[in-house]
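Reader: Hello! I am new to this structure and would love a close look at a single part of it. Could you walk me through one pocket and what surrounds it?

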Amino acid sequence: MKRRMVGAFVLFAALAAAAPVLAQSYPTRPVKVVVPFAAGGPLDLVGRAVFERLSARLKQPFVMENRTGAGGNIGTEAAAKAAADGYTLLFVLSGTLTANPALYRKLPFNVEKDFRPISLLVGSTQMLVVHPSLPVNTLAEFVAYAKKQPITYAHAGPGSGGHLAMEYFRSMAGFETVQVPYRGNAPLVIDLVAGQVKAGFVSTAGVIQHVRGGKLKGLAISSTVRSALAPDVPTTAEAGYPDFKLGTYFVLLAPAGLPDAIAELLEREARAVLASPDLKEKFRPQDIEIVASNAAEARAFLRADTALWAKIAKDANLRVD
């Protein structure tokens, strides 16, 4: 018995001593970052800026790989099934993790069991925009118009921020919609400007130039404060819906089972990158706010937001399949 106890103690001591060495040696080869949405959207913009700097700090490339489809579920599943060695990470919109469990009857991953959160990196606002051919100029007029005939709106795939925002809002305001899913924000904005679809909640940065140029009309911001990019556009609360407020967060995670030393290193380095003053200035014109949470804060947010979306989906009868 004593010999077994001594052996166990020696093994524990060896593992404890190996942890700092593991962190010091990581990474020794390129790190793949799975992005479950199409290139050209806000995730790409933030990802390029953050992971280029992370590559420079850790002396290995952090390479983004777009794995699109099924509202982010395909790429998220791929990351969930990857080895928990730090060489595959997931960079995803919070809604994919917190709303999709309520929207899909069956998911090929379990956020709580399959992932280890690293950080909420940034947050951004969304703007409800309409094509100029739609005879509305305020949120109240939009709702009144939509109650007379279903609005055709665009979103970047089931579970995307724009999809969640519009479905939640229409259930609250009491109108019907016809949704047109795209494989990312870039193609849907093209069709919005062309008038192929008439409305959508889209990242403020992704549509602001078209709003300023008169090619789209901005009706409301989905967050609790106005956007610095569009100070004249009211929030949904200011426009008559004080209970409607949604934030979109960009989350970095790893497969569950990632060693503590590597997880702590990634969290520390990601937060160090986001503390760079030049990055804050780079994101400001894109209406992106740096959050840089720690892992515990990220996990707490995901749990709370999952509970919120379960209630929203039940109350609004939201389902994708």
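**The second largest pocket and its surroundings**

Author: Happy to. The second largest pocket has 25 lining residues, and those nearest its centre are K245, L246, G247, D305 and W309. Please keep in mind that this is a predicted model. The space in this second largest pocket comes to about 340 Å³.

Which elements build the lining? Two or more residues each are given to the second largest pocket by α4 (94-98), α8 (161-173), β10 and α13 (295-316). Helix α13 provides the largest share of that lining, with five residues. Sorted by class, the lining of the second largest pocket holds 10 nonpolar residues, 12 polar ones and three charged ones.

Strand β10 is a good thread to follow from here. The largest pocket also takes two or more lining residues from β10 (248-255), as it does from β4 (115-124) and β11 (288-290). How covered is β10 itself? Seven of the eight residues in β10 are buried, so this strand counts as mostly covered. Here, "buried" means a relative accessible area under 20%.

Now for the strands paired with β10. Strand β3 (residues 88-93) is joined to β10 by four bridges, and the two run antiparallel. Within that pairing, F91 has L252 of β10 as its bridge partner. Strand β4 is also antiparallel to β10, and eight bridges join them. There, R116 is matched with A254 of β10 as its bridge partner. As you look along these strands, it may help to know that side chains in a regular strand alternate between the two faces of the sheet.

Following β10 and β4 leads us to the largest pocket, to which both give two or more lining residues. The volume of the largest pocket is about 420 Å³. Its lining is made of 20 residues, with G123, T125, D287, I288 and E289 lying nearest the centre. Strand β11 gives three residues to the largest pocket, the largest share of its lining. By class, that lining has seven nonpolar, eight polar and five charged residues.

So where does this tour leave you? Start at K245, L246 and G247, which are among the residues nearest the centre of the second largest pocket. Then step into β10, with β3 and β4 as its antiparallel partners, and on to the largest pocket, where G123 is one of the residues nearest the centre.

Conventions. Residues are numbered from 1 along each chain as its sequence is written. This is a predicted model: local features need pLDDT of at least 70, side-chain atom pairs count only at pLDDT 80 or more; totals for chains, interfaces and linings use all residues. Side-chain values use heavy atoms; hydrogens and water are left out. On a 1 Å grid over the protein atoms alone, a cavity is a set of points where a 1.4 Å probe fits but cannot get out, and a pocket is an open set with protein on both sides within 12 Å along at least five of seven lines; lining residues have an atom within 4 Å of a point. Grid points are joined across faces, edges and corners, and a volume is the space filled by probe spheres set on the points. Ala, Val, Leu, Ile, Met, Phe, Trp, Tyr, Cys and Pro count as nonpolar, Asp, Glu, Lys and Arg as charged, and the others, Gly among them, as polar. Buried means under 20% relative accessible area, exposed over 50%, partly exposed in between (1.4 Å probe, protein chains only). Two strands pair if DSSP finds at least two bridges between them.
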